[in-house]
Amino acid sequence: MNNVFFKITVPSDNDGFITIQCPFCNDRFKLTVEDFKREDIIEIFCPYCGLRDEPSHFYTDEIVEQAQVVARNYTKSLLSQSSKDLEKTFKGKKHISFKAGKPIKMESEKILFEHEELEVTNLDCCQFIVKTRALSKEIGIYCPCCGVR
Ligand SMILES: [Zn+2]
Ligand SMILES: [Zn+2]
């Protein structure tokens, strides 16, 4: 079976930042879309707890949920397609009848929106911009790029 890729649109705020979530402490911060997609960054350091992981582990709960809805809808559309195909196969043959049931109800995708209010910090070490909670900015944050505080 071929791999199927789902496209999920993640909204950015007015400054071009997207909200991501640390897989360790679950707190949220923002990076620019460009920085998040940078290929030379194989791991992101959480600015709050300083632990690191690959970028794909930093998706927020909403994004993960959305991905599951999209995947489930895809599975359902495959199921209803195959029962329609069966119906065609059996058509015209005597004594056998196969009727496709009601269309399977699809789950609606949520509308994702950007609502985190965070403070901008410019990190000179890597020329990196991050948005974090104001309090964390005061006590110091880890650079998401090199992990230095
Ligand atoms: Zn963290
Ligand atoms: Zn740095």
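In this report, a residue counts as buried under 20% relative accessible area, as exposed over 50%, and as partly exposed in between (1.4 Å probe, protein chains only). This is a predicted model, in which local features need pLDDT of at least 70 and side-chain atom pairs count only at pLDDT 80 or more. Residues are numbered from 1 along each chain as its sequence is written.

**Two zinc sites**

Donors are N, O and S atoms within 2.8 Å of the metal (3.2 Å for Na, K and Ca); water is not among the atoms, so sites may look incomplete. Four donors count as tetrahedral if all angles lie between 85 and 135 degrees.

| Ion | Donor atoms | Distance | Angles |
|---|---|---|---|
| zinc ion (ligand 1) | SG of C22, C25, C46 and C49 | 2.3 Å | 103 to 121 degrees, tetrahedral |
| zinc ion (ligand 2) | SG of C125, C126, C143 and C146 | 2.2 to 2.3 Å | 102 to 120 degrees, tetrahedral |

**Placement along the chain**

Helices (H or I, at least four residues) and strands (E, at least two) are DSSP runs, numbered from the N terminus. For the zinc ion (ligand 1), the donors have the spacing C-x2-C-x20-C-x2-C. Here C22, in the loop between β1 (17–21) and β2 (28–32), is linked with C49, in the loop between β3 (44–45) and β4 (52–53), 27 residues apart. C22 is buried at 0% relative accessible area, whereas C49 is partly exposed at 28%.

The donor residues of the zinc ion (ligand 2) show the spacing C-C-x16-C-x2-C. Because C126 lies in the loop between β5 (119–123) and β6 (128–132) and C146 in the segment after α3 (134–139), this pair ties together parts 20 residues apart in sequence. C126 is partly exposed, with a relative accessibility of 21%, and C146 is partly exposed at 31%.

Terms used
Chains lettered and ligands numbered in written order. Heavy atoms only, no water. Tetrahedral: all angles 85-135°; square planar, octahedral: opposite > 155°, others 65-115°.
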